[in-house]
Structure formats: structure tokens, C-alpha cells
Amino acid sequence: MKGTNLGEFEELVLLTIAALINDAYSVAICDELEKHTGRAAKLGVVHAVLNRLEEKGFVKSHLGDATSARGGKRKRYYEVTHAGKVVLIKAKEVRESLWNSIPGFNLEGSL
Amino acid sequence: MRSFNTKSKKTEPPQPPRWAQRLLAWYCRPSILEDLQGDLNEYFERNLTMKGPRKARWIYCLDVLKFFRPYTIRKPDFINLFIHWIMLGSYLKTSRRSLVRNKLFSFINIVGLAVSMSVGLLVISFVADILAYDDFHEKRDRIYRVITTFKTPEQPPVDLASTSVKVGQRIRKSVPGIDALTILRNGFGGDATVGETTVPLGGHWADASFFKVFTFPLLEGNPATALKDPYSLVLTEKTAKKLFGDVDPLGKTVRLDTLNYTVTGLMKDVPKLSHIQFEALASFSTAEAQFTRKDPNFYGWDNIWQNYVYMVLPVQTKPESVLQALNTFTKQENSGLVNRTVSVSLQPLKEASLGPKLHNAIGPTMVPIVIWVLSGLALVIILSACFNYTNLSIARSLRRSREVGVRKIIGALKSHVLGQFMAESVIIALMALIVSFGLFLFLRTQFLALDPFINNLVSLEVSGWVILYYILLAILVGLLAGFLPALFFSRIKPIQVLRDVSALKVFRRVTLRKTLIIIQYGLSLIFITTTLIGYAQYRSFLTFDLGFTTDNILNINLKGNKGAVLANELSQIPGVVEVSKSQLITSLGSMGGTTMKYKDSQDSALVWHNMVDEHYLPIHKHKLLAGTNFTRHPKKGEEESEVIVNEQVIRRFNIAKRNPQKALGEQVVVDKKKLTIVGVLKDFHYGTMEKQIEPVMFRYFTDQLGGYLNVKVATTDLPATMANIEEVWRKLDKIHPMEAKFYDDQIEEAYQQFAIMIKVIGFVAFLAICIAFLGLLGMVVFMTETRLKEISIRKVLGASEGGLVYLLSKSFLNLLLLAAFVALPATCLFFDQVVLVNFAYHQPIRVNELVISVLVVMLPAFLMIVSQTLNAARKNPAKVLKSD
């Protein structure tokens with residue numbers, strides 16, 4: 001059960017990878033997350049999440065070409081797999097159906 | 001790769017710390033390593049511009065440590081370990097072969113390690129014993145002792161292990177929540193008589209809760225009541241055996257002096273490693289019954305000299321909570337004291353045996369510094385032997401590099417080679433351990449025989465735990481000694497070695513090896529000079545002109561007997577010239593003093609004293625500057641009227657403007673008695689050499705008990721005279737054996753601690769020299785062997801033998817000289833500034849001590865170097881060169 005679930009932060013990371021398209025590697029993901037959420041994304045946390053996502057089969061990765069930046073070390077690029085897309089869409093659907101079941105005035109009143 | 005890095009470093013911006021990079025590469029799983037390194041590098045570069053290089057490095061290190069997580073860690077390499085296991089047989093075989101092939105080097109290594117480790121074993125046993133003190137008490141972690149600090153305005157504060165009875169009683173009454181508290185008083189003892197047998201007995205008075213606090217199992221009797229009633233006595237097994245034989249002692253009567261005691265308990269003997277030692281315990285109520293009438297201050301707050309208070313705190317209770325209560329009533333009680341304060345604090349039981357030096361200690365105490373010094377000495381010796389191993393192994397690497405090359409080509413990894421050589425050194429160290437254990441058994445007897453104090457203090461038994469520590473020590477020594485050589489071997493490049501052995505840079509680490517030799521010889525020199533300077537000082541203490549004579553004076557401890565009768569009998573013996581009485585023997589460290597006042601009743605000073613009779617001054621040839629010996633010889637203390645003082649007294653009180661002649665007839669007040677000065681003595685040494693000469697007075701020996709007889713002996717047949725004296729003693733005192741010592745011997749005993757220190761350091765010096773010598777021998781042999789061809793060619797080309805010897809030995813001799821230049825001034829400075837300032841009277845450091853120490857260390861080394869190089873230089877070049 002736990003293997004296929006998608007946590008909140010995992011979902012964010014997965015979406016970010018999808019948004020970054022061909023430039024999704026760890027540092028870029030961190031920066032992008034920080035830009036959108038406004039909170040600091042620690043490399044260690046993101047790295048661990050990427051590792052877990054890959055284990056669950058939602059992303060796959062490949063090493064890029066070596067450049068002189070980063071001390072000559074290659075970057076690992078991530079892309080969302082089919083299973084990843086499915087789980088993202090499913091999460092979105094769950095939210096939307098929940099949103100739809102909320103009467104509009106109910107929420108506005110509390111704001 | 002490395003050369004690239006080192007070159008580019010200068011031009012490139014700062015790099016992340018190297019060790020952190022290595023750590024990451026070491027633990028991180030290879031599949032994600034590169035990517036992770038890249039990420040960290042990217043952040044590092046970013047931080048470099050934003051936060052500066054220092055912070056960037058710091059963050060990098062933190063990140064490396066933070067990334068140490070389950071998913072990043074590399075799986076242990078089981079195959080590698082398995083290969084180690086398979087190859088073990090091969091490692092052992094090659095190690096054994098190389099040991100046998102190089103007998104000299106193996107000998108040097110094993111003997112050096114064994115000798116040094118035997119000292120290590122001794123120190124381990126010693127420390128283990130000291131730390132095991134009082135471990136047999138079940139409540140050992142909760143037992144605390146009340147210790148006391150006594151302050152007067154005139155003198156520095158005195159720290160005491162003893163305290164007052166009152167403290168114990170007040171704690172018992174007013175501090176709630178203490179599990180048990182017991183009060184002890186020392187000084188119980190005397191001659192115990194049962195029927196016909198009389199045995200001297202020593203012990204303490206202890207109250208009924210003694211057995212609640214301490215775990216001394218009773219074989220017979222009730223621990224709760226054994227020490228309750230007055231005149232109850234608890235005997236140890238050994239004492240009971242002496243007194244009663246095999247008869248059950250419980251309920252029987254023992255007569256001590258004039259009082260009858262009932263035996264209420266029989267306990268197991270006190271273990272050796274206990275800080276409280278006794279043969280018998282009497283109930284504290286006995287002491288109360290005996291002393292409260294005689295001594296009104298028995299329960300006084302400032303009667304802090306003979307009593308000990310121990311308490312058990314409940315689990316979880318901190319001593320601070322008791323201390324607070326203590327402080328409040330300390331304040332109350334001190335307000336009742338004039339001119340002095342008594343403050344108390346708590347000390348855990350462990351510190352009673354290993355802790356700060358306190359006066360009136362109840363049993364043996366060890367100061368931590370001694371343990372540190374001993375461990376330090378052992379460490380230095382062991383390190384020295386490790387240096388030898390490291391040195392010789394690296395030097396010999398030429399011989400074994402082919403083996404390593406072949407191994408590597410077959411597929412051994414760096415870690416395999418590293419493991420092999422580490423294992424080899426550990427095995428050698430374990431072999432050395434066996435030898436060193438034999439040496440240790442011998443050393444132990446020597447060490448215990450050094451001084452009765454050491455023999456009482458520790459047993460140095462070998463137990464299971466201690467053996468474990470021995471093995472640990474050996475393994476540690478092996479790893480330490482083998483680490484550098486193993487690292488060196490593991491870095492060998494196989495192709496280079498197999499193509500041409502000489503490509504191996506054996507001489508690259510020459511500076512390291514030279515430094516090691518300098519350190520070894522420097523330390524040896526420091527030890528030997530310390531020994532010699534110490535010995536010279538010690539000799540000077542023994543032969544110092546004390547201001548009086550000690551020749552042929554036999555001091556007999558009276559042990560409570562009446563001196564007059566014995567003196568009379570003794571003076572009849574032929575060979576005995578004169579007999580005098582004195583309360584104590586001066587110059588040995590024992591002192592006694594009282595306050596003296598002159599005309600000004602506000603001005604008092606502590607003056608050391610000795611009670612002597614009229615024969616004392618002539619026998620000891622004290623020089624009188626003015627006046628005479630005692631003119632009146634009163635029998636009772638109340639009739640005392642005369643005093644003889646030294647120059648310091650006159651100077652202190654400015655009596656008669658410091659004129660000895662005019663000081664005669666002046667009166668001083670001592671012990672509320674007016675005494676007339678009848679003589680002024682030239683200053684002499686009352687205390688030991690540490691002390692300055694201080695004011696001293698001689699008073700007349702009246703009716704006090706105890707003290708000594710000083711017998712001046714002049715005889716050609718000493719054994720006969722001694723036998724006569726002993727016979728007289730035995731007639732008068734049938735219980736105590738005679739305790740008679742010559743003054744000169746006593747002075748030697750007084751400085752025995754120095755003799756012990758000198759022996760220990762001298763022994764260490766001897767070992768250090770031996771080990772350094774062995775190491776140097778190995779190096780010289782190796783050097784001449786490898787340069788044999790060069791020597792032969794030089795010889796063929798016309799070099800003289802002398803020239804060759806000079807060439808070969810020059811570098812070694814330079815090392816020795818350098819070691820001397822560092823070590824000698826350091827030792828001299830240390831002694832001059834730190835050690836000798838503690839002694840008010842000492843000899844200056846003389847040049848010949850330094851010269852001798854240099855000779856002792858350098859001469860064997862020098863002879864060895866010359867003989868070895870000469871040997872090489874004399875070899876027939878034709879034979880050497882033919883074989884190639």
C-alpha cells in the first residue's frame with residue numbers, strides 16, 4: 001500500500017520534475033520548488049524524495065553529459081514515467097472531486 | 001590524477017575540504033556518488049560567491065555528514081572480507097618466512113616490542129588495581145565521605161580526610177533521607193591478651209551502622225548490633241586465629257591494656273584493595289565512654305583530627321542536596337569558633353583511594369598525577385618500540401616489494417595488502433606479548449619489592465579482565481606499529497616494482513625516519529639525565545651537613561616503655577658510649593610544634609620543637625653559639641623552666657637585638673609556661689631538604705611516654721653490641737620486637753621516595769636506551785647493506801677505510817648530536833625551573849652529570865656505528881661485486 005501512495009511533498013517534487021521538462025536535476029528541482037512554494041527546499045530532503053520516487057517507479061533517471069561546471073561531475077536528469085503521470089492525474093482527480101463536493105458559499109464564508 | 005590536482009590548486013578557487021570529499025567517496029554507494037558529488041560541488045560554488053570560502057567549506061562538510069543515510073551507504077564488501085579469510089594462510093606463511101629470513105630484524109622488533117609492552121602490562125595492572133579499590137562495597141557508588149578544610153589566619157588551609165564527630169551527629173539528626181551514616185575514629189589498638197597469648201592489635205572505633213554502610217561480611221555475629229554496646233569488639237578472621245587459634249571467639253573476652261572487651265563479631269579479612277584497613281573494630285560507644293570524660297572537646301566542632309564520617313545516599317540523590325544542609329550548619333557552628341574556620345564537603349568513595357592528597361588519610365591514597373606519569377612513561381617506551389618497527393619495516397620494504405607486486409598483479413586490492421601487513425604486525429605484537437608477559441612477571445616482583453608502600457597498595461594480580469586489556473594493548477601496539485609500513489606497501493605500484501626494484505622510493509621517507517631516531521635518542525637522553533641529576537641530588541641529601549652529626553647513632557623506638565630504665569641498662573653495655581632521650585628524630589620529616597610568645601602577647605608564632613634530655617646535644621654535636629645545655633633536669637612537665645632555641649627564634653622575635661649572648665636569660669611563653677632561654681643553637685636542619693630552616697626549640701624531656709632513645713655506639717664488634725642491646729630490650733619488653741635503626745639509615749629512608757623515583761626513571765631510561773640502540777642498529781645494518789656495492793666501488797676507486805667509515809657514519813652521528821642539542825638544554829631547564837625550586841637546599845646541576853649521560857647514551861651507539869661501518873668498509877670489493 002505504502003509503495004504506491006504519493007505524499008504531499010512527493011507530489012510537489014513530481015510536479016516540478018514534470019514542469020522542468022528536460023532540465024530536471026536535483027539542484028534545479030530545489031530552486032524551482034523554492035520559487036513556487038516560497039519555502040526553503042533542502043537538498044538532502046529533495047534527494048531522498050527523488051530516490052524514493054525512483055524506487056516507486058514514478059520517475060526514471062539518466063546521467064547527462066560531463067561539463068566543466070560542478071567539478072566535472074555529471075548531472076542526473078529525472079523524467080516522469082507513465083506510472084508517475086497516472087498517479088499525478090489520479091491525485092488531481094481526487095482533489096477536484098473533493099473540491100466539487102464543497103458548496104461555494106461554505107468555503108467563502110470561512111475566509 | 002594527483003599531480004594534476006596539486007598543480008591546478010594554485011590557480012583555481014578554493015576547493016571543498018579534501019577529507020570530506022574522501023569521506024563521501026568512501027561511504028557513498030557508487031551508483032549515486034557522481035551525481036551527489038556534483039550537487040554538493042554546485043552548492044559549494046554557489047556558497048563560495050554568496051557566503052565566502054570558510055562558510056562554504058563548513059556547509060560542504062555538514063552536508064557530507066548529513067547525507068550519511070541508509071539509502072546512500074555502500075553495502076559492505078563481503079567478497080573482500082571473504083578473500084581476506086581465504087588468503088589468511090598465505091599471509092601467515094609469507095609473514096613467517098620473512099620473520100625467519102631476517103633474524104636480526106625480527107629479533108629487534110620482537111624484543112623491542114616485548115620489553116616495552118612489559119612496562120605497559122605493569123602499568124595496566126597497576127591502574128586496574130587502583131581503579132578496583134573499594135569495588136567490593138555493594139553501595140560503592142552511593143557512599144560519600146565528609147572531608148574537612150581547616151583554616152587559620154596564619155597558615156595555608158589544611159585539607160583533611162578526617163572530620164568531627166559533631167558533623168556526623170548533626171547530619172544524622174537534621175538531614176533527612178540518608179540511608180545510613182557511620183562514624184569512625186582511628187587510633188584504636190594496643191596489646192590484646194587472651195589467656196597466655198599477647199598480640200599487638202590495630203584498628204578503628206566504629207559505630208553500629210558501620211556494616212550498613214560498608215560491605216564487610218560477618219562470618220559470625222549480628223551486623224546490626226555487633227558494634228552497639230561499649231566494649232564490643234569485632235575481629236577479622238586472621239586476628240581471631242592469632243588470638244584464639246581454632247576456638248570460636250564469639251562471646252569470649254579479650255583484654256586490651258587494662259580493659260576487657262567482648263568479641264561480638266567475626267568478619268572476613270579486609271580485602272587488600274580497601275582504603276580502610278584494620279585488624280579489629282571496637283564499638284564507637286567504647287571511645288565515647290573512654291574519652292568524653294578526659295577530653296571535654298570530644299564532640300567539638302573543631303575536633304577534626306581523628307574521626308571519619310561516611311554515609312550512603314539514597315539512589316538518585318545528588319550529594320549537592322546534602323551539601324546545602326551541611327553549609328547551613330557549618331555557618332552556625334563556625335560562628336562559635338575564634339580565629340579559625342572548619343568547613344566540610346563531601347567526597348565520593350572512589351576519590352578516597354584515587355583523589356587529591358588529604359592529610360590524616362585513613363588508608364593508602366594515590367594521587368592521579370602518579371598514574372598519569374606512569375602511563376606517560378609506558379607510552380613513551382611503547383611508542384619508541386613502535387618507531388623501531390615502523391622504521392625497520394619501511395627500510396626493509398625493498399625486500400618485500402616483489403611479493404606485494406606479485407600479489408597485486410594476481411588481483412589483490414589495496415585494502416588486501418593493507419590488511420595483510422596490519423595483520424602481520426598484530427601477530428608479531430601478540431608474539432611479543434607472550435615474551436613480555438614473562439618479563440612482566442619478573443618486573444612485578446621487582447616493582448613490589450621497591451617499597452613496602454607499593455606492596456601494601458596493590459597486588460598486581462592477573463585476572464580475566466586484565467588479560468583482556470593486555471591483549472587489547474598488544475593489538476593496539478600492532479596496529480600502531482604496522483600502520484605506516486602497511487600504508488606504504490599498499491601504495492606500491494606493481495609494474496614499477498617488478499620491472500625495477502630500485503625505482504621504489506625507499507629513501508623518500510628518510511626525514512621521517514631520521515625524525516623518529518632523533519626523538520628516540522632525545523627521550524633516552526632526557527631520561528638518563530633526569531636519573532643522573534636526581535641521583536646526584538639524592539646523594540647530596542644523604543651526605544648534607546645537617547648542622548649536627550648522625551654518625552653511629554642508633555635510634556630505638558621506645559614504644560611506650562619508660563626510657564630511663566632502658567637508658568640505664570643500655571649504658572652498661574660495652575660499646576655504648578652515651579644514651580639520650582628525644583621525643584622525635586629530626587631531619588626525617590616528622591615534626592611537632594607549638595606557639596611561642598615573647599614580650600608582645602599579641603605576637604605569637606609556630607615554633608617547631610623537640611623534647612630532649614641533657615645528653616642529646618653532646619651526642620649529636622649540636623653547636624651552641626651561646627649559653628649551655630639544660631642545667632635543671634626536672635622530672636615532671638610542670639617543673640619545666642628552660643628552653644634552648646636556634647638562631648631563627650631570636651631572629652623571629654627579635655630577642656635582644658638578635659644577639660645570641662644577650663638573649664640568654666630572656667623569657668618566652670610556651671604552652672602557658674614561662675621558659676628561660678639557656679642556650680642558643682646554631683641553625684640546623686629540623687625538617688627535610690624541601691624546607692627552609694625555621695624557628696626550632698629544644699625543651700626538656702620530662703615524664704612523657706613514648707619517644708626515642710639515641711644510643712651513641714662506638715665498637716669494633718657491631719653485631720655483638722647489637723645483640724646485647726636487643727637482649728636488654730627483650731628483658732624489659734616481652735611483647736614488642738625492638739625497633740632500632742641507625743640515624744644514617746633513617747635519613748636514607750626519609751628520602752626513599754626519591755630513591756624509588758630514581759630507580760623507576762632509571763629503569764625506564766635503561767629500556768629507552770636499549771630500544772633506541774636496537775632501532776639504530778637496525779638502521780645502520782640496513783644502510784650499510786644497501787650501500788655495500790657503492791662502498792665496494794668507492795674502495796676500488798681508491799677510497800680509504802677511514803674515509804668510508806666517515807662517509808657512512810656521518811649522517812647517524814649528526815642525528816645523535818642533534819638529539820643531544822635538543823634534549824640536554826630541555827632537561828636542564830626543566831630541572832632548574834620546575835623541579836629543584838621545590839627544594840630549599842639543593843645542589844646546582846653539574847656539567848659532569850650531563851657529560852656522563854651523553855657518554856652513556858652516545859658511546860654504545862657510536863661504537864656500534866663505527867664497528868658496523870668498518871665491517872662494511874673492510875669487505876673485499878671483489879667478492880661483493882662478483883655476485884652481480
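This section describes chain A as a whole and then selected sites in chain B. The model is predicted.

Chain A was examined at the level of the whole chain. Its secondary structure comprises five helices and two strands. Read from the N terminus, the order of elements is α-α-α-β-β-α-α. The two strands thus follow one another in the series, with three helices ahead of them and two helices after them. The chain has 111 residues, and 37% of them are buried. Contacts were also sorted by sequence separation. Among those in chain A with a separation of 6 or more, 53% join residues 24 or more positions apart. The exposed area of chain A is about 7000 Å². Carbon and sulfur atoms contribute 56% of that area.

In chain B, a patch of positive charge lies on the surface. The residues gathered there are R18(B), R22(B), K414(B), R491(B) and K493(B). One of these, R22(B), belongs to helix 2 of chain B, which spans residues 18-27. R22(B) has a relative accessibility of 53%, and therefore counts as exposed. The cut-off for this class is over 50%.

Two residues of chain B were noted for their backbone angles. N552(B) is not a glycine, yet its phi is positive, at about 55 degrees. The residue sits in a loop of chain B, between helix 19 (510-543) and strand 12 (553-557). N552(B) counts as partly exposed because its relative accessibility is 45%. K657(B) is not a glycine either, and its phi is also positive, at about 50 degrees. This lysine is located in the loop that runs between helix 22 (647-653) and helix 23 (660-663) of chain B. With a relative accessibility of 76%, K657(B) counts as exposed.

N102(B) was examined for burial and contacts. The residue occupies the loop between helix 5 (78-101) and helix 6 (103-131) of chain B. N102(B) counts as buried because its relative accessibility is 8%, and the limit for that class is under 20%. When residues up to four places away in sequence are left out, N102(B) touches R396(B) and R399(B).

Loop residues of chain B thus appear in each accessibility class: N102(B) is buried, N552(B) is partly exposed, and K657(B) is exposed.

Key
Residues numbered from 1 in each chain as written. Chains lettered and ligands numbered in written order. Predicted model: local features only at pLDDT ≥ 70, side-chain atom pairs only at ≥ 80, totals over all residues. Heavy atoms only, no water. Patch = residues over 30% accessible without salt bridge, like charges linked within 9 Å, V, L, I, M, F, W, Y side chains within 5 Å. Areas by Shrake-Rupley, 256 points an atom, 1.4 Å probe, with all protein chains shown as cover. Salt bridge = Lys/Arg side-chain N within 4 Å of Asp/Glu carboxyl O. Lys, Arg positive; Asp, Glu negative; His and termini not counted. Charge placed at Lys NZ, Arg CZ, Asp CG, Glu CD. Helix = DSSP H or I, 4+ residues; strand = E, 2+ residues; numbered from the N terminus. Buried < 20%, exposed > 50% of the residue type's maximum accessible area, 1.4 Å probe, protein only. Contact = heavy atoms within 4.5 Å.
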